[in-house]
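This briefing is for a reader who has not met the structure before. It takes up one helix, one boundary between domains and one residue. Look at the sequence and the model first, then read on.

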Amino acid sequence: MSYHEQQPTVFVIDFGAQYAQLIARRVREAKVYSEIVAHDISAEEIERRRPAALILSGGPASVYAPGAPKMDPRIYDLGIPILGFCYGMQLMALDLGGQVPHTDIGEYGFAELTVMEPECRLLEGVSETSQVWMSHRDSVGTVPEGFLVTARTGITAVASMEDPSRGLYATQFHPEVAHTEYGQQIIRRFLHDIVGIPPVWTMVNIIDEAVEHIREQVGSDKVICGLSGGVDSSVVAALLHRAIGDQLTCVFVDHGMLRLDEATDVVRVFGDQFRIDLVHVQAQERYLGLLRDVTDPEFKRRIIGEEFWKVFFDEATKLEGVKWLAQGTLYPDVIESGNKTAAKIKSHHNLIPFPEGVHFDLIEPLRALFKDEVRAVGAELGLPDEIVHRQPFPGPGLAVRIIGAITDEKLDMLRKADAIVREEISNWDTERSVWQYFAVLPDIRSVGVMGDERTYGHPIIIRAVSSADAMTADWARLPHELLAKMSNRIINEVEGVNRVAYDITSKPPGTIEWE
Ligand code: XMP
């Protein structure tokens, strides 16, 4: 049972478009808890779980597309208010006796919406004309009996429809997309005014609930948590600490591939500030030994990963009475996709290589949260900014940013150069518009001249990208002055470096990391 069942929940029914997650997030931004469920959920299951409302997501371009996902039509009779978007609206129309004729003209991108019924419920407060985001081919031709057409665009005659007596509302456009001018207002209107769900899903509320749930789940047992310095494990640790205090032990394996000051920061924040029972394993030498002369990036990753679990379980099994292992699994890892071919729930259980005879139950206190919510929880719990807003950082750390064999000297060089890159860009990028930035040390050398002397030194490559999700990325258009300053500082301050290059490759075809 979900521990959120005590509070009003909105189910976003996922018809396989990429929009379901966005809708769930928008609902949560309206301070209402939401979950994504697969489109084949039965009416019985919905009745049992009693969501306060349903939102039908977008999906394929047409309800007639081969394999177009359907929904149990008995769901319309449960008396639960439903809001459909795009495909969700077409399906609602078709299921309830309306008509969705094939059209040759689709509508993609911006459109001007005209509200035709100023008295309508869903679009109350929306200007007579406004901008909306469309992405569809077919559209509703005839609305089902009892429905009122409330808006249109130049191309789409039925841009929204509603039957307030049955609690059914739908828009052909996408209110969840930021380009839709009144999008969030429409979502809030539905949730707060029409359905009457109070906006109570706030950070404080999330934390209180999570704390209560953790206490219920673990009782007086002991919990162990691997801490990496990253956002997810840090928030898990802080949250567990808030819930169960010294029943929690954190293990921080320092593999020596962290950036400048990161290890000290972890110890300062969790050991000194939070006073968490922290086992700090100094495994730097051990890792350097294992990685000596290893140049293959996959091999580096494997060595570091396997060794982490070895060290972690060595420590974990030294502790008495530990029953639980805490994991920073987030909601996007858990979501059941409406698309049957997509992976179902990812099983993290399989990913943990428990040694023979060792087993802990998993506790995943963040599994209902999106990344931005995790950051907000972290901030609320008092974690410092540099942790809460930490950029993605590979588990094997600098090992994948040193191309070729890793040595102490190279680590030192890269750490210093990377610290300069991070300091300079973060001072300039106060809005955090750049997704990720760091330094890379390639396995080449080049000739230079410093003073009267010829040098044969290392280049440093600066990588800075803009991105929304790391799936695609573009190189950041940093000002020349900033690049110049970083280059000067790196060459002057980092011994052994005599050249700086800026990577101007997007992803694809490049990746963000070099490896
Ligand atoms: P690529 O290089 O594939 O990276 O474009 C995509 C994003 O993933 C990050 N990354 C990792 N994050 N553990 C992580 O938590 C890892 O092992 C790892 N490797 C790459 C990378 O920094 C980028 O943001």
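Right after helix α11 comes Gly382, a residue with a positive phi, near 95 degrees. The model is a predicted one. The chain is divided into domain 1 (3-195), domain 2 (203-388) and domain 3 (407-502). The points below start with α11, move to the boundary between domain 2 and domain 3, and end with Gln436.

**Helix α11**

- Helix α11 spans residues 371-380, and its residues Glu373, Val374, Val377 and Gly378 are buried.
- These residues are on the same side of α11 because they cover an arc of only 145 degrees around the axis.
- Four helices pack against the buried residues of α11: α1 (19-29), α5 (203-218), α6 (231-244) and α12 (385-388).

**Domain 2 and domain 3**

- Between the C-alpha centres of domain 2 and domain 3 the distance is 30 Å.
- Contact between the two involves seven residues of domain 2 and eight residues of domain 3.
- The size of an interface is often given as the accessible area lost when the parts come together.
- For domain 2 and domain 3 this buried area is about 670 Å², with 56% of it on carbon and sulfur atoms.
- On the domain 2 side, the residues that lose the most area to domain 3 are Arg259, Leu260 and Leu288, which together make up 64% of what that side buries.

**Polar links**

- One salt bridge is found across the interface of domain 2 and domain 3.
- Asp385 and Arg432 form a salt bridge, and their closest N and O atoms are 3.4 Å apart.
- Three residue pairs are in polar contact across the interface of domain 2 and domain 3, counting pairs with both residues at pLDDT 80 or more.

**Gln436**

- Gln436 belongs to strand β15, which covers residues 436-440.
- Is Gln436 buried or exposed? Its relative accessible area is 4%, and the cut-off for buried is under 20%, so Gln436 counts as buried.
- The Gln436 side chain reaches the backbone oxygen of Pro392 at 2.9 Å.
- With neighbours within four places in sequence left aside, the residues in contact with Gln436 are Gln391, Pro392, Arg401, Arg463, Ala464, Val465, Ile512 and Glu513.
- Pro392 thus appears twice for Gln436: its backbone oxygen is reached by the side chain, and Pro392 is also one of the contacts.

Key: Residues are numbered from 1 along each chain as its sequence is written. This is a predicted model: local features need pLDDT of at least 70, side-chain atom pairs count only at pLDDT 80 or more; totals for chains, interfaces and linings use all residues. Side-chain values use heavy atoms; hydrogens and water are left out. Buried means under 20% relative accessible area, exposed over 50%, partly exposed in between (1.4 Å probe, protein chains only). Helices (H or I, at least four residues) and strands (E, at least two) are DSSP runs, numbered from the N terminus. The arc is that of the directions from the helix axis to the C-beta atoms. Contact means heavy atoms within 4.5 Å. Domain bounds come from an automatic or database domain assignment. Buried area is the accessible area (1.4 Å probe) that two parts lose on being put together, summed over both. A salt bridge is a side-chain nitrogen of Lys or Arg within 4 Å of a carboxyl oxygen of Asp or Glu. A polar contact is a pair of N or O atoms within 3.5 Å; within protein, one must be able to donate a hydrogen and the other to accept it, and residues adjacent in sequence count only if both atoms are side-chain atoms.
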